[in-house]
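Thank you all for coming. I would like to take a few minutes to walk through one model with you, going from the sheet to the helices and then to individual side chains.

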Amino acid sequence: MAFGFKIRKLDTAREYSMEELYEAIKNTQFTAGQPELTKHGAAMIITFPPIDRNNQIWISPGQMKRAPWSRFTVTKNEVAGLGNMAGNAALSVVTNGWSGMSGTFGKKAKAAEELVVTTYEELKALGL
């Protein structure tokens, strides 16, 4: 864990694009909820329903190369999506960074950290 952020690296038996990984897991019942393919900036990631504005489980590429990948990162972060990026950035400026504290401390942050581990274990059990 790195200062409020639990990170798990998922290695898969074969390489997947984000779209292919989403197709492989989209019908799986996860403790974190139903996965969704989300555009975040220039990237596509897989997200789960947000706990709050500062806590959402993400699956993203875990390698610094072009798709496809065989390593993915399961972590918690702010709510993803193009519209959410601008809103989160503006709120952070207005509150001088204090708006993001619930993503680091508190019950919802702890619940999200636990969901990172659970989601990782559920993905690993799929034998991807």
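What follows is a tour of this model, which is a predicted one, so please keep that in mind throughout.

Let me begin with the sheet. It is an open sheet of 5 strands, and if you read across it the order is E1-E5-E4-E3-E2, with antiparallel pairing. Strand E1, residues 7–16, and strand E2, residues 36–40, stand at the edges, and because each has a single partner strand, one side of each is left without a neighbour in the sheet. From one strand to the next, the twist averages 35°. As a general reminder, strands of a sheet pair through backbone hydrogen bonds, and they can do so either parallel or antiparallel.

Now to the individual pairings, starting at the E1 edge. E1 is joined to strand E5, residues 69–77, by 6 bridges, and these two strands run antiparallel. One position to find on your screen is Arg8, whose bridge partner in E5 is Val74. At the other edge, E2 and E3 also run antiparallel and are joined by 5 bridges. These two strands form a hairpin with 2 residues between them, and Gly41, in the turn, has a positive phi of about 65°. His40 stands opposite Ala43 in E3. Between E3 and E4, which again run antiparallel, there are 2 bridges, and here Ile46 has Ile59 in E4 as its bridge partner.

Next, the helices. Helix H1, residues 18–25, lies across E1, E2, strand E3 (43–47), strand E4 (56–61) and E5, and it runs at about 20° to E3. Helix H3, residues 107–125, lies across E1, E4 and E5, running at about 160° to E5.

That brings me to the interior. What is the number of residues in the largest nonpolar core? There are 21, and those with the most contacts inside this core are Leu21, Ile25, Ile46, Ile57, Ile59, Phe72 and Leu123. The elements that give two or more residues to the core are E1, H1, E4, E5 and H3, and H3 gives the most, with 5 residues. To see one of these core residues in its surroundings, take Ile46, which, leaving aside residues up to four places away in sequence, touches Met18, Leu21, Tyr22, Ile25, Pro35, Glu36, Leu37, Ile57, Trp58 and Ile59.

A polar residue deserves a look as well. Ser60 is placed in strand E4, and because its relative accessibility is 14%, Ser60 counts as buried. Not counting residues up to four places away in sequence, Ser60 touches Met18, Ile45, Phe72 and Thr73.

Let me turn to the aromatic residues. The structure holds 2 aromatic pairs. In the pair formed by Phe30 and Phe48, the ring centres are 5.3 Å apart and the planes stand at 70°, so this pair is edge-to-face. Phe30 lies in the loop between H1 and E2, whereas Phe48 lies in the loop between E3 and E4, so the pair ties together parts that are 18 residues apart in sequence. Both rings belong to buried residues, with a relative accessible area of 7% for Phe30 and 2% for Phe48. The other pair is made by Trp69 and Phe72, with ring centres 6.3 Å apart and planes at 80°, so it too is edge-to-face. Trp69 is buried at a relative accessible area of 11%, and Phe72 is buried at 0%. There is also a charge over a ring to point out: the charged end of Arg14 sits over the ring of Tyr16, 4.0 Å from its centre.

I will finish at Leu128. Where is this residue placed? Leu128 is in the segment after H3, and at 14% relative accessibility it counts as buried. Although Leu128 and Glu15 are 113 residues apart in sequence, their C-alpha atoms are 9.3 Å apart in space. Leaving out residues up to four places away in sequence, Leu128 touches Thr12, Ala13, Arg14, Tyr16, Leu21, Ala24, Ile25 and Leu123. Arg14 and Tyr16, from the charge-over-ring contact, are thus among the residues that Leu128 touches.

Notes
Residues are numbered from 1 along each chain as its sequence is written. Side-chain values use heavy atoms; hydrogens and water are left out. Two strands pair if DSSP finds at least two bridges between them. Helices (H or I, at least four residues) and strands (E, at least two) are DSSP runs, numbered from the N terminus. Axes are lines fitted to C-alpha atoms, for helices over the stretch in contact, and angles run from 0 to 180 degrees between N-to-C directions. Contact means heavy atoms within 4.5 Å. A nonpolar core is a set of buried Ala, Val, Leu, Ile, Met, Phe, Trp, Tyr and Cys residues joined through side-chain atoms within 4.5 Å. Buried means under 20% relative accessible area, exposed over 50%, partly exposed in between (1.4 Å probe, protein chains only). Rings of Phe, Tyr and Trp (its six-membered ring) pair if their centres lie within 6.5 Å; planes under 30 degrees apart count as stacked, over 60 as edge-to-face and the rest as tilted. A charge sits over a ring if NZ of Lys or CZ of Arg is within 6 Å of the ring centre and within 35 degrees of the ring normal.
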